[in-house]
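Me: Got a minute to walk through a fold with me? I'd like to get the layout straight before I do anything else.

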Amino acid sequence: MGLTGIEIFKMLPKTNCGECGVPTCLAFAMNLASGKAELDACPYVSDEAKEKLAEASAPPIRPVSIGAGTRALKVGGETVMFRHEKTFYNQTGLAALITSDIDAGALEKKLKEWNALQYERVGLNLRPELVALKDAKGDVQAFTAVAKKVAEESEFGLILISESPDALKAAVEVSAFKKPLLYAATAENVEDMGTLAKESGLPLAVKANDIEGLIGLTDKLTGMGLKDLVLDSGSREPKQVFEDQVVMRRAALKAGNRSLGFPTITFPCEMAGNLDMETVLASMLIAKYAGIVTLSDFSGESLFPLLLERLNIFTDPQRPMTVTEGIYEIGAPDENSPVLVTTNFSLTYFIVSGEIEGSRVPSWLLIMDTEGLSVMTAWAAGKFAGDAVGMFVKKCGIADKVSHKKVIIPGYAAAISGEMEEELPDWNVMIGPRDASLIPKFLKEMAQ
Ligand code: SF4
């Protein structure tokens, strides 16, 4: 049974030095209790307290890092069954499968095509992270050569799949710098695989025929000192895989089962006969509760909706997505360019800035911090009130960049214009369109 935040707090140094990344020991204790922080983050905990806190501080599902560089990935670390209870933290990793008998030209082509599958959405780059390389014919040389090429010539992280510890060992020698996931320890090879993972310091997947079998294997591996494990319950039958994901998550979170407190890996690529079904299964597993989903390929029509689903599920529902307050240049505005002001809800920003860009009228866009609320909501909540917006326009520094004194406010916030004019007596407060799609017409007419 875990300790409460207050119980943990009593054992912390209480100096509030902030070195753990949060401002107070109490906040750190709360994060420890909910599995959002690791005890190592505080350098000042006494050895005695460390021992007592070890159990409480371990997150119910261990976060496991895979890969390095721009596509590095962390899976696991989840603390709730349902997103609305709090949030999901570490998004499901997406992998595509290749086999070691792929020829060099085909591999190069695939990596190039997969690398191009990146999408900009609300200021984020959505892209897959992993290549799962399967040892096709027990040819260690071919397996190692493909692992080397993927590791050295692509941004993708690697899952190295082989039943042979020797093949994995050879591939690790050329790709360890990319921190690959080793797949997999089974009842037959658990000691050799455990030793390889321990020596190389790499995460290890564990595969059994069912959840009972997994428990025995993870207990053995944690007994060997391994911490970073990823679970495969073995089934490739959709209903059973779904059930396994739910059972493992529930056992880890609700029953505190440490043997199942690890992220999972799943293989829709081995569960479906066509791309449509594979995508549907992947979608189900992103929602419930796969740490990694392995596809047979990355193709835009399958990958894009999965990336969007993942974005939606792993966005914190309690924290609106925001952009930083400030002055944004769109096009190459000069002293005569129009000035628009809106809120810092990221969707608002991206829609408005996209429309301004589309108008081809270089403009200044003032983004005011409204705690991530959209125009109507911010206005209704008093966070986009006339005096506050006027004060922001005055203080943000836009007056030094333009030679005119005109500012355009969103049409839905027309009611604030009077108060703004009081705050900005020498400015002309203009009411822009209600609908962002009318901004280009509005700006073009202004520019005439
Ligand atoms: Fe407290 Fe330790 Fe965090 Fe400092 S680093 S605030 S002592 S928990």
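Reply: Sure, here is a walk through the layout of this predicted model.

Me: Start broad. How many helices and strands does the protein chain have?
Reply: The protein chain has 16 helices and 17 strands. Its C-alpha atoms fill a box of roughly 80 × 60 × 35 Å along the principal axes.

Me: And what share of the residues is buried?
Reply: Of the 448 residues in the protein chain, 49% are buried. As for contacts between residues at least 6 apart in sequence, 67% of them join residues at least 24 apart.

Me: OK, sheets. In what order do the strands of the eight-stranded open sheet come?
Reply: The order is 10-9-8-7-6-3-12-11, and the pairing is parallel.

Me: Which strands stand at the edges?
Reply: Strand 10 (229-232) and strand 11 (265-266). Each has a single partner strand, so one side of each is left without a neighbour in the sheet.

Me: What holds strands together in a sheet, again?
Reply: Strands of a sheet pair through backbone hydrogen bonds, either parallel or antiparallel.

Me: Let's go in from the strand 10 edge. How many bridges join strand 9 to strand 10?
Reply: Four, and the two strands run parallel. One residue pair to click on is Val-206 with its bridge partner Leu-231 in strand 10.

Me: Does anything lie across that part?
Reply: Helix 8 (residues 211-223) lies across strand 8, strand 9 and strand 10. Helix 8 runs at about 145 degrees to strand 9.

Me: Next one in is strand 8. Buried or exposed?
Reply: Buried: that goes for five of the five residues of strand 8 (residues 181-185), so the strand is largely enclosed by the rest of the structure.

Me: How is strand 8 joined to strand 9?
Reply: By two bridges, with the strands running parallel. Leu-182 has Leu-204 in strand 9 as its bridge partner. Along the chain, strand 8, helix 7 (residues 190-200) and strand 9 (residues 204-207) make a right-handed β-α-β unit.

Me: And with strand 7?
Reply: Strand 7 (residues 157-161) pairs with strand 8 in the parallel sense, over three bridges. There you'll find Ile-159 standing opposite Leu-181. Strand 7, helix 6 (residues 165-175) and strand 8 make a right-handed β-α-β unit as well.

Me: Let me switch to a single residue. What does Ala-147 touch?
Reply: Ala-147 is found in helix 5 (residues 140-153). Leaving aside neighbours within four places in sequence, it is in contact with Leu-133, Leu-158, Leu-160, Ala-171, Val-174 and Ser-175.

Me: Why does Ala-147 count as buried?
Reply: Its relative accessibility is 0%, and the cut-off for buried is under 20%. For a distance to check, the C-alpha atoms of Ala-147 and Ala-170 are separated by 9.5 Å, with their positions 23 residues apart along the chain.

Me: Give me one from strand 12 too.
Reply: Try Thr-294, which lies in strand 12 (residues 292-295). At 0% relative accessibility, Thr-294 counts as buried. Beyond residues up to four places away in sequence, Thr-294 touches Ala-95, Leu-97, Ala-132, Ile-265, Thr-266, Phe-267, Pro-268 and Cys-269.

Me: Now further along the chain. Which unit do strand 14, helix 12 and strand 15 make?
Reply: A right-handed β-α-β unit. Strand 14 (339-343) and strand 15 (363-368) are listed among the elements that helix 12 packs against with its buried residues. The two strands pair in the parallel sense over five bridges, and Leu-340 stands opposite Leu-365 in strand 15.

Me: Is strand 14 buried or exposed?
Reply: Buried, at five of the five residues, so strand 14 is largely enclosed by the rest of the structure.

Me: What span should helix 12 have?
Reply: At 1.5 Å a residue, the 14 residues of helix 12 (residues 346-359) should span 20 Å, and the end C-alpha atoms are 20 Å apart, which agrees.

Me: Which residues of helix 12 are buried?
Reply: Ser-346, Thr-348, Tyr-349, Val-352, Ser-353, Ile-356 and Ser-359. Seen down the axis of helix 12, they fall within an arc of 155 degrees, so they line one face of the helix. Besides those two strands, they pack against elements including strand 13 (326-330), helix 13 (375-380) and helix 16 (439-447).

Me: What comes right after helix 12?
Reply: Arg-360, whose phi is positive, near 60 degrees.

How values were computed: Residues are numbered from 1 along each chain as its sequence is written. This is a predicted model: local features need pLDDT of at least 70, side-chain atom pairs count only at pLDDT 80 or more; totals for chains, interfaces and linings use all residues. Side-chain values use heavy atoms; hydrogens and water are left out. Buried means under 20% relative accessible area, exposed over 50%, partly exposed in between (1.4 Å probe, protein chains only). Two strands pair if DSSP finds at least two bridges between them. A crossover is right-handed if, with the strands pointing away from the viewer, the path from the first strand over the helix to the second runs clockwise. The expected span of a helix is 1.5 Å times one less than its number of residues. The arc is that of the directions from the helix axis to the C-beta atoms. Contact means heavy atoms within 4.5 Å. Axes are lines fitted to C-alpha atoms, for helices over the stretch in contact, and angles run from 0 to 180 degrees between N-to-C directions.
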